[in-house]
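I opened the notebook to follow how the strands pair and where nonpolar side chains come to the surface. The entries below keep to what I looked up.

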Amino acid sequence: SDLDAGKSLSYKTEKSRGIYLHITNGSVEVAETKLSSGDAIKLYDVEGLEIKATENAGLILFDVVMNF
């Protein structure tokens, strides 16, 4: 997905799931963490997240089952 600079995206999920977010280009802020092209973050035990583009950004978000 693409996100324009200054725009935000909210994503909601269930606490039993995990989120993996990979930044393909640009930069964003997630969970008070700055991420740039090639960076990734893994979040679990959360019900959602807010992604804010600090510059035009491309991202891939995976919502995965955490209980195997």
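I began with strand β2 (residues 8-12), which in this predicted model is joined to β6 by five bridges, the two strands running antiparallel. For a single point of contact I looked up Ser10, and I found that its bridge partner in β6 is Glu50.

I then turned to strand β3 (residues 17-30), where I noted twelve bridges to β6, again with an antiparallel run. Here I took Ile19 as my example, and its bridge partner in β6 is Asp63.

Next I checked strand β1 (residues 2-3), which is joined to β6 by two bridges and runs antiparallel to that strand. Asp2 is the residue I followed, and Gly58 is its bridge partner in β6.

After the pairing I looked at the surface, where I recorded a nonpolar patch of about 530 Å² made by Tyr20, Tyr44, Ile60, Phe62, Val64 and Met66. I asked which strand gives the most to this nonpolar patch, and I noted that it is β6 (residues 48-65), with three residues.

My last entry concerns Met66, which belongs to the patch but lies in the segment after β6. I wanted to know why Met66 counts as partly exposed; its relative accessible area is 34%, and the partly exposed class covers values between the 20% limit for buried and the 50% limit for exposed. The same value also passes the patch cut-off, since patch residues need over 30% relative accessible area and Met66 has 34%.

Terms used: Residues numbered from 1 in each chain as written. Predicted model: local features only at pLDDT ≥ 70, side-chain atom pairs only at ≥ 80, totals over all residues. Heavy atoms only, no water. Patch = residues over 30% accessible without salt bridge, like charges linked within 9 Å, V, L, I, M, F, W, Y side chains within 5 Å. Areas by Shrake-Rupley, 256 points an atom, 1.4 Å probe, with all protein chains shown as cover. Salt bridge = Lys/Arg side-chain N within 4 Å of Asp/Glu carboxyl O. Helix = DSSP H or I, 4+ residues; strand = E, 2+ residues; numbered from the N terminus. Buried < 20%, exposed > 50% of the residue type's maximum accessible area, 1.4 Å probe, protein only. Pairing = 2+ DSSP bridges.
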